[in-house]
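Me: I am new to this structure. Please take me through some of its features in short questions and answers.

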Amino acid sequence: MGDRVDTVTFNADVAGTNLPWTFTPVERHVSVRVGEERLAFYRATNNGTTPVTGTATFNVTPPKAGIYFQKIACFCFSEQTLAPGE
């Protein structure tokens with residue numbers, strides 16, 4: 001593991017105006033040593049009045065940094081259905 005420590009910033013965006021979800025990272029910034037594995041958690045809430053199914057996507061910017069990130073497990077691998085208020 002390297003000695004260098006970088007700060008990773010997480011964001012969450014909801015595409016379109018028809019998805020009544022609030023989607024946020026639990027931690028906005030995480031410091032990590034180069035080569036270290038870390039977990040990132042997100043919180044999603046359905047603010048609508050009916051169940052809604054959505055799918056998250058993952059990206060890294062700038063793109064040249066993406067080669068240094070590896071998803072081991074991700075809620076974005078499958079659709080998520082949230083009941084109202086869930």
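Me: Where does Phe58 lie?
Reply: This is a predicted model. In it, strands β5 and β6 are joined by a loop that holds Phe58. The place asked for is the loop between β5 and β6.

Me: Is Phe58 buried or exposed, or in between?
Reply: Buried would need under 20% relative accessible area, and exposed over 50%. Phe58 has 41% relative accessibility. Phe58 therefore counts as partly exposed.

Me: Which residues form a nonpolar patch on the surface, and what is their accessible area together?
Reply: Phe58 belongs to this patch. The other members are Ile67, Tyr68 and Phe69. Together, Phe58, Ile67, Tyr68 and Phe69 have an accessible area of about 500 Å².

Me: Which residues does a cis peptide bond join?
Reply: Most peptide bonds are trans. Here, a bond with omega of about 0° is cis. Its second residue, Pro62, sits in the loop between β5 (52-54) and β6 (80-82). The residues joined are Thr61 and Pro62.

Me: How many salt bridges are there, and how far apart are the closest N and O atoms?
Reply: The count is one salt bridge. Arg4 forms it with Asp6. A salt bridge needs a nitrogen within 4 Å of a carboxyl oxygen. The closest N and O atoms of Arg4 and Asp6 are 3.1 Å apart.

Me: Which residue of the Arg4 and Asp6 salt bridge is exposed?
Reply: Exposed means over 50% relative accessible area. Asp6 has 29%, so Asp6 is partly exposed. With 57%, the exposed residue is Arg4.

Me: How many aromatic pairs are there, and is the Phe10 and Tyr42 pair stacked or edge-to-face?
Reply: There are two aromatic pairs. The ring centres of Phe10 and Tyr42 are 6.3 Å apart. Their planes stand at 90°, and over 60 degrees counts as edge-to-face. So the Phe10 and Tyr42 pair is edge-to-face.

Me: How many residues apart are Phe10 and Tyr42?
Reply: Phe10 is in the loop between β1 (5-9) and β2 (21-25). Tyr42 is in strand β4 (residues 42-46). The pair links distant parts of the chain, 32 residues apart.

Me: Is Phe10 buried or exposed?
Reply: The cut-off for buried is under 20% relative accessible area. Phe10 has 19%, so Phe10 is buried.

Me: Are the rings of Phe23 and Tyr42 stacked or edge-to-face?
Reply: Their centres lie 5.1 Å apart. Phe23 is in strand β2 and Tyr42 in strand β4. The planes are at 15°, so the pair is stacked.

Me: Which residues do ring pairs link into a cluster?
Reply: Tyr42 pairs with Phe10. Tyr42 also pairs with Phe23. The cluster is made of Phe10, Phe23 and Tyr42.

Key
Residues are numbered from 1 along each chain as its sequence is written. This is a predicted model: local features need pLDDT of at least 70, side-chain atom pairs count only at pLDDT 80 or more; totals for chains, interfaces and linings use all residues. Side-chain values use heavy atoms; hydrogens and water are left out. Helices (H or I, at least four residues) and strands (E, at least two) are DSSP runs, numbered from the N terminus. Patches are made of residues with over 30% relative accessible area and no salt bridge: like charges are joined within 9 Å, nonpolar side chains (Val, Leu, Ile, Met, Phe, Trp, Tyr) within 5 Å. Accessible areas come from the Shrake-Rupley method with a 1.4 Å probe; for residues, only the protein chains shown count as cover. A salt bridge is a side-chain nitrogen of Lys or Arg within 4 Å of a carboxyl oxygen of Asp or Glu. Buried means under 20% relative accessible area, exposed over 50%, partly exposed in between (1.4 Å probe, protein chains only). Rings of Phe, Tyr and Trp (its six-membered ring) pair if their centres lie within 6.5 Å; planes under 30 degrees apart count as stacked, over 60 as edge-to-face and the rest as tilted.
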